[in-house]
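Here are some notes to read alongside the model. Each point picks out one place to look at, so feel free to take them one at a time.

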Amino acid sequence: MRHTWRWFGPIDKVSVRDAVQAGADGIVSSLHHIPTGVAWPLEEIRKRQDEIRQGGLEWELVESIPVSESIKTMSGDWKEHVKAWAETLRRLAEAGISTVCYNFMPVLDWTRTDLRWTTPSGAKAMRFDLVDFIAFDLNILQRPDAATDYSAELVEVAAQRFAEMPEERRLILSRSVGAGLPGQAEAYTLPELRTELARYGAIDAERLRSHLIDFLSEVVPVAEGLGMRLCAHGDDPPWPLLGLPRILSTEADYAHILKAVDSPTNGVTFCTGSLGARGDNDLPAMVSRLASRIHFVHLRNVRRETTAQPGSFFEDEHLEGNADMVAVIAAILSEERRRKAEGRADHTIFMRPDHGQEILDDLARGAQPGYPAIGRLKGLAELRGIERALSHPQYGLAR
């Protein structure tokens, strides 16, 4: 695997040199300061490349080019936004970058109720508490008819939780749920969030899926002509939230999109954390069956706190949690060997250690939630150890 590291640009409190010392081979980045729906200027792309090179690595993969809400709802200036998205692909290709991760989650990207929850060890981790989330939905956001999305028992428990919740915790909860995309400073206010949710009032999962297919039908041929690869990140968490549909939560969801736009360019960002929040997602089996279209892998682990779905979970250490990381990596390495035997140029699959816990000096650094230096270094070392063991010519799977 190609070991990459997410860097949010000059604002990131974890530097490219830190990534080099952690053992990363390359950088994953984006231009978060460019407004969504606007084509990225080539000079800004080259500037980011220069910033990364000064640290000793190359910008190897984009995560991500944001897909606007206008595109997802196919309203307003969506056609111009699609053209801008395609033009960004052309400019990235001109700069020598050929792989782009994106997501199609409506309104909210990954959603958590705690961005720095204290684990039993004293480390800080991101957490999704279903009861807190329902309390936010019913009592803070006050979404119309929200109670009909939950069982009567959960509504009652959430009401009690909210009644006992200190005002400071209510503010933290509101900010956590309304947080913007990673790397961006802005977050939704409650009125803004209500306005965005209203845009999806007539859009169910089937319609949103058709919008994704229409979008891909426009941009995949462009990427294909440029020799690029696109890879869709799954829903996080992988179930409907705030009445919004989710369309990339299961293997069947991915299979539908890959078949609808059947091109090797149209691929998958396989995130073990996002997909692993569902107990019915068999991650190693999914890797094996989706393998030929996986262009990027996010390796992280979550600990499901209940068997219910949806349910609460937290970001566990990379080798803990519910995902069998050894089996997942074994399946990825098997696909790499298969591709190499076929002579595929993309036989090495990009990966990055995702969402580490804040430990040791991370606790005082104040980096982007989920993206600490030492927590990710630890995760990368552990994942690389598994890979090295499984690849050993005498003792590994390749023997």
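1. His 355 lies in the loop between β12 (350-353) and α14 (362-365). Helices (H or I, at least four residues) and strands (E, at least two) are DSSP runs, numbered from the N terminus. Although His 355 is not a glycine, its phi is positive, about 45 degrees. His 355 counts as buried because its relative accessibility is 3%; buried means under 20% relative accessible area, exposed over 50% and partly exposed in between (1.4 Å probe, protein chains only).

2. A word on the source: this is a predicted model, in which local features need pLDDT of at least 70 and side-chain atom pairs count only at pLDDT 80 or more, while totals for chains, interfaces and linings use all residues. Residues are numbered from 1 along each chain as its sequence is written, and side-chain values use heavy atoms, with hydrogens and water left out.

3. Gln 142 also has a positive phi without being a glycine, here about 55 degrees. Gln 142 sits in the loop between α5 and α6, and at 55% relative accessibility it counts as exposed. As background, most residues other than glycine have a negative phi, and most peptide bonds are trans.

4. On either side of that loop, how do α5 and α6 pack? Helix α5 (residues 130-141) and helix α6 (residues 152-163) meet at an angle of about 80 degrees, with their axes 8 Å apart. Axes are lines fitted to C-alpha atoms, for helices over the stretch in contact, and angles run from 0 to 180 degrees between N-to-C directions. The two helices are therefore roughly perpendicular (angles under 35 degrees count as roughly parallel, over 145 as roughly antiparallel, 65 to 115 as roughly perpendicular and the rest as oblique). Their contact (heavy atoms within 4.5 Å) includes Ile 134 and Leu 138 of α5 and Val 155 and Phe 162 of α6. By class, this contact has 11 nonpolar, one polar and two charged residues; Ala, Val, Leu, Ile, Met, Phe, Trp, Tyr, Cys and Pro count as nonpolar, Asp, Glu, Lys and Arg as charged, and the others, Gly among them, as polar.

5. Helix α2 (residues 42-55) and helix α4 (residues 78-94) pack at about 45 degrees, and their axes are 9 Å apart. This pair is therefore oblique. Leu 42, Ile 45 and Arg 46 of α2 touch Arg 91, Leu 92 and Glu 94 of α4 to make the contact, which divides into three nonpolar, no polar and three charged residues.

6. Two peptide bonds deserve a look. One cis bond joins Glu 63 and Ser 64, with omega about -5 degrees, and Ser 64 is in the loop between β3 (59-63) and α3 (69-73). The bond from Gln 309 to Pro 310 is cis too, with omega near 0 degrees; Pro 310 belongs to the loop between β10 (301-304) and β11 (313-316).

7. Leu 230 is part of strand β7 (residues 229-233) and is buried, with a relative accessible area of 0%. Tyr 102 is 128 residues from Leu 230 in sequence, yet 7.5 Å away in space, C-alpha to C-alpha. Not counting residues up to four places away in sequence, Leu 230 touches several others, including Trp 85, Tyr 102, Val 219 and His 295.

8. How many disulfides does the structure hold? Zero, a disulfide being a pair of cysteine sulfur atoms within 2.5 Å. For Cys 101, the nearest cysteine sulfur is that of Cys 231, 5.0 Å away. Cys 101 is buried at 2% relative accessibility.
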